[in-house]
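Let's walk through this model together, one question at a time. Keep the sequence and the 3D view open as you read.

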Amino acid sequence: MKVTNKLILLFLCIVAFVGCEDDYLDVPPQDLLTDETYWTSEGNVKAFAFGFYNGYFRGYGSSYSWGNYFSGQSLNDDFASTNPSRFTQQVPTSGGGWGFSWVRKANIFINRVQTVPMEQEAINHWTGIGRFFRALEYHDLTSRFGDVPYFDTELSENDNEQLYKKRDERTFVMDKVLEDLQYAADNVRASVDDNGLEVNKYVVLAYMSRIMLYEGTWQKYQ
């Protein structure tokens, strides 16, 4: 009888363990940030946005080097040499800046911001920040490659139809860039408590003027 009771008890323990095993394994780690637990405050949104800054704002250059956006201006240290190197005339068969990791990061950021418990003004501001950085990346891609595939949503690794889609026309992509920049100009805060280190409305407008001047000139002469 005692043996039977022990077997029954063992069986119940196994059933209980198997029944809760999935729930136990699905519990997020308490000492790590995960996508499911991260988007809970504006402070976390701001911290995520800092990840964009290392990839951009390299435009002024130094000494005789060319910057990405602000080159050859007087009264700074970016005087261009009298014989600058020629731009790449042919797109390489691989590499050369072809990648969409920054686009994906921006799309994830824009999507997740909508779920954060904060005022609508804050949601609009940070959405504008994400769209601003997405616009910068697509400007860079089109200036290098011309037509490129345009993505405005987060893709999964199994979405082969979208992952291998054909390139969209440059004019279509740059229309989307203008939409992003205009949204950012309308919604990004004019003043941010950052000691001059974060993107604000006037930074957006400065980059918007440069990008659209570049694109307008390209459209006119190409």
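Q: Is Phe109 buried or exposed in this predicted model?
A: The model is predicted, so the accessibility here is a computed value. Phe109 has a relative accessibility of 0%. A residue counts as buried under 20%, so Phe109 is buried.

Q: How are the ring planes of Phe52 and Phe109 arranged?
A: The two ring centres lie 5.7 Å apart, and the planes meet at 80 degrees. Planes over 60 degrees apart fall in one named class. The pair of Phe52 and Phe109 is therefore edge-to-face.

Q: How many residues apart are Phe52 and Phe109, the pair that links distant parts of the chain?
A: Phe52 sits in the loop between helix H3 (42–49) and helix H4 (101–113). Phe109 belongs to helix H4 itself. Along the chain, the separation is 57 residues.

Q: Is Phe52 buried or exposed?
A: Although Phe52 is in a loop, its relative accessible area is 1%. The cut-off for buried is under 20%, so Phe52 counts as buried.

Q: What kind of aromatic pair do Phe132 and Phe133 form?
A: Phe132 and Phe133 are both buried. Their rings are 5.2 Å apart, centre to centre, with 65 degrees between the planes. With the limit set at over 60 degrees, the pair is edge-to-face.

Q: Which residues do ring pairs link into a cluster?
A: By the pairing rule, the model has 18 aromatic pairs. Some ring pairs join into a cluster that takes in Phe52, Phe109, Phe132 and Phe133, among others. The full membership is Tyr38, Trp39, Phe48, Phe50, Phe52, Tyr53, Trp102, Phe109, Phe132, Phe133 and Tyr207.

Q: Which residue lies over the face of Phe52?
A: The residue in question is found in helix H4. At 22% relative accessibility, it counts as partly exposed, because the buried class stops under 20%. It lies 5.3 Å from the ring centre of Phe52, and it is Lys105.

Q: How far apart are the C-alpha atoms of Lys105 and Gly51?
A: Along the chain, Lys105 and Gly51 are 54 residues apart. In space, their C-alpha atoms are separated by 9.2 Å.

Q: Over the ring of which residue does the charged end of Arg170 sit?
A: A charge over a ring has to be within 6 Å of the ring centre. The charged end of Arg170 is 3.8 Å from the centre of its partner's ring. That ring belongs to Trp218.

Q: Which helix supplies the largest share of the largest nonpolar core?
A: This core has 41 residues, and Phe109, Trp126, Phe132, Phe133 and Tyr138 touch the most other members. H3, H4, helix H5 (120–145), helix H7 (170–187) and helix H8 (201–221) each give at least two residues to the core. The largest share is 11 residues, and it comes from H5.

Q: How far apart in space are Asp180 and Phe132, C-alpha to C-alpha?
A: Asp180 lies in helix H7. With a relative accessibility of 2%, Asp180 counts as buried. Asp180 and Phe132 are 48 residues apart in sequence, and their distance in space is 6.1 Å.

Q: What is the distance in space between Gly55 and Glu137, C-alpha to C-alpha?
A: Gly55 is in the loop between H3 and H4. At 12% relative accessibility, Gly55 is counted as buried. Gly55 and Glu137 are 82 residues apart in sequence, and the distance between them is 9.4 Å.

Q: Which element gives the most residues to the lining of the second largest pocket?
A: This pocket holds about 210 Å³ of space. Of its 13 lining residues, Phe100, Pro149, Phe151, Leu155 and Leu163 are the closest to its centre. By class, the lining has 8 nonpolar, 2 polar and 3 charged residues. The element that gives the most, with 3 residues, is H4.

Q: How many helices does the protein chain have?
A: Buried residues make up 32% of the 222 residues in the chain. From the N terminus, the elements run α-α-α-α-α-α-α-α. There are 0 strands, and the number of helices is 8.

Conventions
Residues numbered from 1 in each chain as written. Predicted model: local features only at pLDDT ≥ 70, side-chain atom pairs only at ≥ 80, totals over all residues. Heavy atoms only, no water. Phe/Tyr/Trp six-rings, centres within 6.5 Å; stacked < 30°, edge-to-face > 60°. Helix = DSSP H or I, 4+ residues; strand = E, 2+ residues; numbered from the N terminus. Buried < 20%, exposed > 50% of the residue type's maximum accessible area, 1.4 Å probe, protein only. Lys NZ or Arg CZ within 6 Å of the ring centre and 35° of its normal. 1 Å grid on protein atoms, 1.4 Å probe; cavity = no way out; pocket = protein on both sides within 12 Å on 5 of 7 lines; lining within 4 Å. Points joined across faces, edges and corners; volume = space filled by probe spheres on them. Nonpolar A, V, L, I, M, F, W, Y, C, P; charged D, E, K, R; others polar. Core = buried A, V, L, I, M, F, W, Y, C linked by side-chain atoms within 4.5 Å.
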